[in-house]
Amino acid sequence: MADRRPPVGLSAWRFVTTFGVISLLADVVYEGARSITGPLLASLGASAVVVGAVTGVGEAAALLLRVVSGPLADRTGRFWAWTITGYALTVFTVPFLGIVGVLWAAATLVIAERVGKAVRSPAKDTLLSHATAVTGRGRGFAVHEAMDQVGAIAGPLAVAGMLVVFHDDYGPTLAMLVLPGVGVLVLLGWLRARVPEPARYEVTAAEPTKTVVAQPMLRSLPRTFWVYSVFSAATMTGFTTFGVLSFHQVERGIVAVALVPVIYAAAMAADAVAALITGWAYDRVGARVLGALPVLAGLVPVLAFGNHLGPVLAGALVWGAAVGIQESTLRAVVADLVEPARRATAYGVYAAVIGVAAAAGGALTGLLYSRSVALVIVVVVAIQAAALAVLPWVLRQTGR
């Protein structure tokens, strides 16, 4: 879709794709590290329950803390400052993950990296949402997510190669990720200088921030937003983390440690494809496309917790496709449900709601896995079936 408004430093599509490059480089850093979180923590003495809890709490931190950063971004209007600070925290944290040598410190760094995502995400999503008002919500977020996942593929593959070169030594492997981290900060500074006020992309200008924050935060968000948030939370409660999946892959002897990042990279490729497909479909048919999410999430444990390589790989790809929908199309819906002046708050609150569900999902699947794989499958499938059953009601309530 061609831009219909005068360029704001850059065209809307150029803004989206430049932010995509920034996310690509950042993903090389943190997705490269996340691809080996399970084996790394296990090498320091972590059990499946600990891996599930740490990765689940990490994901919760990345989501739950946005209930603070989102409203603060709206209140201050300093969306660029929040975005740059969050990225800086992530790229400075990851290189230390491989050299601390003790479980509690490594677990702290895993969670700290996710805190960086919490700091930046509501502001970053708000900046992107302004440009996607021109490009199309689903398409804009989908293209950004697909570019993001190029880094999510490249990062784990680079880590896999460096693990081979450094003979499974996590220290120098993760230290090398400082290089793309520098690129993230340089490119962010350039983009901010070119487009200091991305809100000008929006067809309808946002209300002045001060008039919005005078209202109570919860009352300022529409009922349709809350209905949609409950559905999203249900799908996350029945969703496991890759940390648990990779723990299973290595502890059961299905793959070597160096191959785990390769599997993760393949999952990120599935993420990108799913984001593009569902993003384009969302712009054409609306939120009905979200029915694919509980279906995919329910298939993950059925396949991924097997004892043979084929199903385990298939399960990782299905997991990646589900994440692709979560990271692109779910966010596009929020931008359509909430007006620009409250959008960072909405993204923060939305992430907090599903963050609680993510923590529960990570801990729940880790705990159930330690007892019985069959129990994981039964519980997750039941949760996702319930989410799928209520989706038609959610669509009616939100008018989507």
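Which residues form one aromatic cluster with Phe15 and Phe19? In this predicted model, the cluster is made up of Phe15, Phe19, Trp80 and Tyr201, and the legends below begin with its two members from helix H1.

**View 1. Aromatic residues Phe15 and Phe19 in helix H1.** A search of the whole structure finds 13 aromatic pairs, and one of them joins Phe15 to Phe19 in an edge-to-face arrangement, with 5.6 Å from centre to centre and 75° between the planes. Both residues lie in helix H1, where they are four residues apart, about one turn of the helix. Phe15 counts as buried because its relative accessibility is 0%, and Phe19, likewise at 0% relative accessibility, counts as buried. Together with Trp80 and Tyr201, these two residues form one aromatic cluster.

**View 2. The aromatic pair of Phe242 and Trp319.** The rings of Phe242 and Trp319 form a tilted pair, for which the centre-to-centre distance is 5.3 Å and the angle between the planes is 50°. Phe242 belongs to helix H12 (residues 242-251) and Trp319 to helix H15 (residues 309-327), so the pair ties together parts of the structure that are 77 residues apart in sequence. Phe242 is buried, its relative accessible area being 5%, and Trp319 also counts as buried, at 5% relative accessibility.

**View 3. The packing of helix H1 against helix H9.** The axes of helix H1 (residues 12-34) and helix H9 (residues 178-194) come within 8 Å and cross at roughly 160°; the two helices are therefore roughly antiparallel to each other, and their crossing is left-handed. On the side of H1, the contact is made by Arg14, Phe15, Thr18, Phe19, Val21, Ile22, Leu25, Ala26, Val28 and Val29, while H9 contributes Pro180, Gly181, Gly183, Val184, Leu187, Leu188, Trp190 and Leu191. Divided by class, the residues of this contact comprise 14 nonpolar, three polar and one charged. Phe15 and Phe19, the pair shown in View 1, are thus among the residues through which H1 meets H9.

**View 4. The packing of helix H4 against helix H17.** Helix H4 (residues 66-76) and helix H17 (residues 343-371) have axes that come within 7 Å and cross at roughly 180°, and the two helices are therefore roughly antiparallel to each other. The residues of H4 that make the contact are Arg66, Val67, Gly70, Pro71, Ala73 and Asp74, and those of H17 are Arg343, Ala344, Thr345, Gly348, Val349, Ala351 and Ala352. By class, seven residues of the contact are nonpolar, three are polar and three are charged.

**View 5. The packing of helix H3 against helix H6.** The axes of helix H3 (residues 48-64) and helix H6 (residues 103-135) come within 7 Å and cross at roughly 25°, which makes H3 roughly parallel to H6; the crossing of these helices is right-handed. From H3, the contact draws on Val50, Val54, Val57, Gly58, Glu59, Ala61 and Ala62, and from H6 on Leu103, Ala107, Val110, Ile111, Arg114, Val115, Lys117 and Ala118. The contact of H3 with H6 has 11 nonpolar residues, one polar residue and three charged residues.

**View 6. His167 and Asp168 in the loop between helices H7 and H8.** His167 is found in the loop between helix H7 (137-165) and helix H8 (170-175), and its phi is near 55°, a positive value in a residue other than glycine. Asp168 is found in the loop between H7 and H8 as well, and the phi of Asp168, near 65°, is again a positive value in a residue other than glycine. His167 counts as exposed, at 70% relative accessibility, whereas Asp168, at 44% relative accessibility, counts as partly exposed.

**View 7. The surroundings of Gln149 in helix H7.** Gln149 is found in helix H7 and is buried, with a relative accessible area of 2%. Leaving aside its neighbours within four places in sequence, Gln149 is in contact with Asp27, Met268, Asp271 and Ala272. The C-alpha atom of Gln149 is separated by 11 Å from that of Gly32, although the two residues are 117 residues apart along the chain.

Note on methods. Residues numbered from 1 in each chain as written. Predicted model: local features only at pLDDT ≥ 70, side-chain atom pairs only at ≥ 80, totals over all residues. Heavy atoms only, no water. Axes fitted to C-alpha atoms, helices over the stretch in contact; angles between N-to-C directions. Parallel < 35°, antiparallel > 145°, perpendicular 65-115°, else oblique. Left-handed = near helix turned anticlockwise from the far one by under 90°. Contact = heavy atoms within 4.5 Å. Nonpolar A, V, L, I, M, F, W, Y, C, P; charged D, E, K, R; others polar. Phe/Tyr/Trp six-rings, centres within 6.5 Å; stacked < 30°, edge-to-face > 60°. Buried < 20%, exposed > 50% of the residue type's maximum accessible area, 1.4 Å probe, protein only.
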